[in-house]
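Work through the exercises below on aromatic rings and their surroundings. Each task is followed by a solution in steps.

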Amino acid sequence: MTELIQVGHTGEAAATRWWRDAVIYQVYVRSFADGNGDGVGDLLGVRSRLRYLADLGVDALWLTPFYTSPMADFGYDVADYRDVDPIFGSLADARALIEDAHRHGLRVIVDVVPNHTSDQHVWFQQALAAGPGSPERERYVFRRGRGENGELPPNDWESVFGGPAWTRLPDGEWYLRLFAPEQPDLNWEHPEVHTEFESILRFWLDMGVDGFRIDVAHGMVKAEGLPDVGHPDQVRMIGADVVPFFDQDGVHEIHRAWRRLLDSYPGERIGVAEAWAPNPERLANYVRPDELHQAFNFHFLNAPWDASVFRKVITESLATAGMVGAPTTWVLSNHDVKRHLTRYGGGETGLRRSRAAALLTLSLPGSTYLYQGEELGLPEVLDLPEEFLRDPQRLRNPDDGRDGCRVPIPWADVEPHFGFSLPGIEESWLPMPASWGPLSVQSQLRDPGSILRLYREALCVRRERRAFGDAPLTWLDSPEGTLAYARGDGFACTVNLTGEPVEIPVPGRVLLASAEPAVADGVARLAPDSAVWWERDAV
């Protein structure tokens, strides 16, 4: 039995829009390439590696925040949205990077952080100086506390980073900050906030960016009256319930306004939601035809290495996104989660599964996001020295820090920083494992069997073949613990998610494999934890 999953779309030219099946590469700027020799990645370093990204075969790069910031949350605490922090370069560097990327055929997506600012932002500094009851404080969420003397937080909300979501000032008022104390939440009921962010978006669109990844796109609007949650594990309950500070219906009017702004510019400028929603149906609301273009599919990212779970998530994702005419996105790792090689078991097992996951992900309908270094098979770094661990998320749980997925990527075989920085620099901002030489770009380009070469070949096939794009996915019969599906008339993918070899009828000619199958007498013997792309026989 076969099951057809049709990817829906709206508009006559939907299937040709670049973002519907784009492969977008996430650049965590601090850890990509250091162009000025201070041990921290920067915009100059990104410019120096654009040829690598073009040769890899991606369509666009997404840059994490490079704006002026005290770096309490490594740039997600923005003090000036219209300038570049000196650690990353200058506005001239940003402009040159955008222009160079376009010359290489790459589009550029930048982060925008609308839920909160830095506590060093001029607005928040004005609010502190003006005092309780002032117009300046209305741009943020200030409240009197509870208790006899206002000594208790205004409600029971907890920060994503742990502890109460409120910080008290010496004047007795509390301000809301769903993340770190240095990241006060904006009040999106205030018209000045709307006007300011429209101006910010225009600033970067006028500079030539091709879109925005919207940080905490589900968080700007809070429930009326700021009611208590009444559950001690409120943040973790996001998978089961809509909490009063996330995924409120009011966020969608903001996104509609931004979509109108994006559509007013030429060249299909896009908005991408980082939105955590309790189910695929609510996530699909962010990508309705008059809202954002894409939303990250965290349900797929969180799927364990299990064929039945993957099939369920893929089917649900395609169906719910298709209902609103949107493409689905697929992502295995990012700067906020442990790298998937480690999540999939680590070591040789994790590497086998990562290779297979690459072919699985890149052959699904929709758009794929790659996190820098996944094409090198980088693992999570689990043994960073304590003095380097500065992620504020560790305040919630020492084992929950994100530093290990943010270690700089290796470019060359030379220690101590493997070409990440200039010669003579002894140490990068996060130390790199001494064992990473064989994982470097230089080493893997010499090895025809490397995971980097696999990614390059897969992206080349994806770009050249008409079976991709908006072609529907048809599930095919396959043994337990495996996945099999067709795309269009001439392509099939089989994935063996078991730890043992599995035999299947040969679907056609091998196009690409994460581990070469043994083929004889019409039977293909799939290696454990492997995926194969097939030139499918006509049916």
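**Exercise 1.** Determine whether tyrosine 485 is buried or exposed, then describe its ring partner.

Step 1. Tyrosine 485 has a relative accessible area of 0% and therefore counts as buried (under 20% relative accessible area; exposed is over 50%, partly exposed in between; 1.4 Å probe, protein chains only). The model is predicted: local features need pLDDT of at least 70, side-chain atom pairs pLDDT 80 or more, while totals for chains, interfaces and linings use all residues. Residues are numbered from 1 along each chain as its sequence is written, and side-chain values use heavy atoms, without hydrogens and water.

Step 2. Tryptophan 475 is also buried, because its relative accessibility is 0%.

Step 3. Tryptophan 475 and tyrosine 485 pair edge-to-face, at 5.6 Å between centres and 85° between planes. Rings of Phe, Tyr and Trp (its six-membered ring) pair if their centres lie within 6.5 Å; planes under 30 degrees apart are stacked, over 60 edge-to-face, the rest tilted.

**Exercise 2.** Classify the pair of tyrosine 81 and phenylalanine 197.

Step 1. The structure holds 31 aromatic pairs. In this one the centres are 5.2 Å apart and the planes at 70°, so the pair is edge-to-face.

Step 2. Tyrosine 81 is buried because its relative accessibility is 3%; phenylalanine 197, at 1%, is buried too.

Step 3. A cluster linked by ring pairs includes Tyr81, Phe197, Trp188 and Trp258.

**Exercise 3.** Over which ring does arginine 49 lie?

Solution. Arginine 49 lies over the face of tryptophan 411, 4.0 Å from the ring centre (NZ of Lys or CZ of Arg within 6 Å of the ring centre and within 35 degrees of the ring normal).
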